[in-house]
Amino acid sequence: MPRFSIILPCFKVQGFLGECLDSVLGQSFRDIEVIAVDDCSPDGSGAILDEYAARDDRVRVLHLEENAGLGRARNAGMPHATGDYLFFLDSDDTLTPGALAAMADRLAEAEDPDVLVFDYARTYWWGGTRRNALARVLAEAGDGTFTSAEYPEILDLLMVVWNKVYRRDFVEREGFTFPPGYYEDTPWTFPVMFSAERVATLARICLNYRQRRQGNILSTTSRKHFDVHAQYERVFAFLDSHPDLARWRPFLHAKMGEHCLDILSKPDRLPPSDKEEFFRRTAEMFRAYRPEGAETPAELRVLEHGYGAYRLRRRSGQASREVQRRGKQVRGAAGTRLRRVRTAVNTRRPLNPDLAVYSAFSHRGVLGDPAAIHRKAAEIAPGLRGVWVVRDEETAALLPPGTEHVLLNSAEYRRVTERATYFVNNVNWPGAVAKREGSVHIHTHQGTPLKYMGADLLDRRGARQNLDVPGMLRRADRWDHSLVAGRYAERVWERAYPCHFASARTGSPRNDVLVNAGPDDGRPVRARLGIPEGDTVVLYAPTRRDYRRDGLVERIDLARLAAELGEGHTLVVRMHPSLAGGPVRGLGLSELHRRGVVVDATEEPDVGDLMLASDVLVTDYSALMFDYVLLDRPVVLHADDWDTYTASRGAYFDVTREAPGHVTRTQGELASLLASGTHRDEESARLRAAFRERFCEYEDGRAAERVVRTLMLGEPMPEPEPSGVPGARAVTTGQDLLSAT
């Protein structure tokens with residue numbers, strides 16, 4: 001039997017689940033089993049579990065038929081555990097390297113105690129880390145074992161289930177289970193710690209306790225926080241059934257009062273209209289369970305008076321903080337007042353249900369996914385008025401004829417953004433655009449991500465020059481829908497942008513033309529670019545480098561490559577848009593274009609046209625590869641600086657190992673591959689198909705229609721269904737396993 005049975009309940013954690021599982025399965029100590037419980041999660045968590053189970057036979061998956069909640073999901077996993085110790089790990093947390101080995105060593109040293117309590121650190125979304133403030137309690141416990149009565153300081157630690165491991169036969173003998181509802185750790189942890197005859201500690205950080213920016217269930221405003229009262233009633237009932245533990249009643253009574261008052265003090269827990277009821281219920285319990293002769297601690301005496309007295313004390317405690325805050329508010333007050341007045345006026349004007357505002361690439365024109373959505377809306381929802389935001393008059397002059405538009409920050413811009421119901425963009429809207437109730441913000445992104453994005457850039461200083469990540473996330477809080485091309489992108493965006501949005505499994509609207517492309521669709525573009533009839537078109541589209549301030553690293557000698565390709569080939573170069581106005585073209589690209597050596601297509605407005613016009617894509621780490629495979633044409637990955645690139649920017653997976661085609665490391669390899677025709681062999685086709693299957697699951701050619709119908713018109717339209725994961729190891733469970741005593 002394994003040493004540890006790690007029970008992992010999963011619900012809406014797809015952005016963090018892979019990192020959690022990697023931290024467990026990558027431990028040097030391998031004598032474990034993972035019992036992962038898919039708690040009928042509506043996102044891709046279940047599929048992720050199946051993928052890991054297919055790769056590692058230490059992972060078994062239970063798929064519950066209905067959502068049971070965290071506690072009962074843990075109950076469902078326990079009967080399948082065979083290990084010496086149970087470890088209830090939350091699926092958004094991670095183990096530190098060597099954690100399980102350290103636990104195993106300590107358990108052996110302590111001769112298999114009932115419970116081992118270990119240390120943890122809080123890890124924050126913005127990159128900070130803070131160790132458990134009471135770490136000294138673990139260090140001062142000594143090398144032996146003890147009971148809670150012998151060392152009551154152990155109960156000062158956070159009373160949660162995940163900072164401990166439990167001997168399985170101790171748990172089974174005592175019949176411990178989790179109840180339903182919020183705060184399910186309370187009626188587990190207190191009885192366990194009161195009952196354990198041998199407790200040991202490990203003063204080592206074994207777990208990173210993720211502090212999510214948003215999405216923590218206990219930070220959700222809800223009446224479910226009233227569950228805490230029933231959970232403490234369960235602990236008191238446990239003490240009633242165990243007279244030998246009656247000495248813990250005064251401690252538990254005080255702990256209950258502290259816990260409930262802490263919940264009441266949090267601004268994001270209870271609806272304001274329910275706070276008085278919560279206080280009253282807490283005070284009733286405090287009186288009902290008060291041990292005879294017990295003295296009430298000073299900080300809990302407020303529960304012996306009314307809600308009015310509680311509020312008065314709260315207000316007096318806030319007074320000094322308010323004075324300090326007012327001092328800060330004075331600075332910049334004039335601008336703040338102006339914005340408040342404008343917002344107040346704006347919110348009095350009703351939203352226009354037929355007005356949609358579009359923007360793309362920081363207001364650079366009718367481009368990308370927003371353009372595809374706009375075109376489809378004009379076709380199937382002509383009653384919707386679409387207005388584009390553009391950055392200046394020069395950009396406006398290049399818009400397609402008849403395109404309704406406003407200039408950024410103009411009076412017309414303010415009017416349409418104040419009244420619009422729909423906002424469609426592939427870049428965050430400026431901070432001045434307020435999110436009004438009833439408006440719908442649709443964020444399309446700019447492609448499937450390979451390199452780190454959003455919050456994942458916080459520890460990549462070189463990659464976030466002049467980038468305010470917290471500010472970017474605050475603007476992303478306005479998103480209602482995030483469009484995704486597959487489950488991979490869905491997971492990454494939910495991790496990179498910890499905000500309150502729903503992932504829309506629509507596919508990428510800009511790619512509909514690629515999915516539906518015919519063999520001659522690129523011919524008009526070839527003619528416009530002056531490409532000779534019958535030439536093989538090689539599209540070279542590199543990305544920028546974050547390890548250079550200007551983003552430019554010339555990886556390939558373009559003139560030499562064009563010569564090595566020879567007659568019958570045209571090399572089309574598309575630099576990253578952020579480099580279009582920089583020195584790269586002045587350093588030689590424009591001259592090569594003038595001489596006819598290459599075609600400089602950097603300023604082509606629609607990269608989709610270039611993909612349709614080409615026969616093969618050569619790129620490094622550009623997101624373009626995720627789109628190009630939809631054409632089922634060869635892709636060559638030129639990765640001569642992959643290690644440097646990932647060290648500076650970071651990447652979500654090693655694309656050189658899971659490439660959409662052959663990988664080259666030198667220009668000689670690249671030229672030889674293209675000249676020999678090897679780039680289009682059977683292996684290339686196999687790699688391309690596997691890449692497309694993994695990353696483009698929702699690309700069915702109807703993405704724009706799906707966005708307009710489901711997100712704007714409210715009409716039903718089925719999602720594209722990805723295929724299952726072959727080889728996953730699953731176990732079945734009966735509904736009785738979800739019950740709790």
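The exercises below, each with a worked solution, concern the predicted model shown above.

**Exercise 1.** State how many helices and strands the protein chain has, and what share of its residues is buried.

*Solution.* Counting the elements first, the protein chain has 27 helices and 23 strands. Turning to accessibility, buried residues make up 54% of the 741 residues in the chain.

**Exercise 2.** Describe the largest nonpolar core, and find the contacts that Met103 makes outside its immediate sequence neighbourhood.

*Solution.* Begin with the core as a whole, which has 108 residues, with Phe4, Phe87, Met103, Ile154 and Trp188 having the most contacts inside it. Helix H9, spanning residues 249-265, gives the most to this core, contributing seven residues. A second, separate core has 56 residues, among them Cys499, Ile531, Ala601 and Leu610. Next take Met103: once its neighbours within four places in sequence are set aside, it is in contact with Phe4, Phe87, Leu116, Phe118, Val165, Leu202 and Cys206.

**Exercise 3.** Determine how helix H1 and helix H2 pack, and which residues make the contact.

*Solution.* Start with the geometry: H1 (residues 14-25) and H2 (residues 45-55) pack at an angle of about 25°, and their axes are 9 Å apart. Because angles under 35 degrees count as roughly parallel, H1 is roughly parallel to H2. The handedness of the H1 and H2 crossing is right-handed. On the H1 side, the contact is made by Gln14, Leu17, Gly18, Leu21, Asp22 and Leu25, while H2 supplies Ser45, Ile48, Leu49 and Tyr52. Sorted by class, this contact of H1 with H2 has six nonpolar, three polar and one charged residues.

Definitions and conventions:
Residues are numbered from 1 along each chain as its sequence is written. This is a predicted model: local features need pLDDT of at least 70, side-chain atom pairs count only at pLDDT 80 or more; totals for chains, interfaces and linings use all residues. Side-chain values use heavy atoms; hydrogens and water are left out. A nonpolar core is a set of buried Ala, Val, Leu, Ile, Met, Phe, Trp, Tyr and Cys residues joined through side-chain atoms within 4.5 Å. Buried means under 20% relative accessible area, exposed over 50%, partly exposed in between (1.4 Å probe, protein chains only). Helices (H or I, at least four residues) and strands (E, at least two) are DSSP runs, numbered from the N terminus. Contact means heavy atoms within 4.5 Å. Axes are lines fitted to C-alpha atoms, for helices over the stretch in contact, and angles run from 0 to 180 degrees between N-to-C directions. Angles under 35 degrees count as roughly parallel, over 145 as roughly antiparallel, 65 to 115 as roughly perpendicular and the rest as oblique. A crossing is left-handed if the near helix is turned anticlockwise from the far one by less than a right angle, and right-handed if clockwise. Ala, Val, Leu, Ile, Met, Phe, Trp, Tyr, Cys and Pro count as nonpolar, Asp, Glu, Lys and Arg as charged, and the others, Gly among them, as polar.
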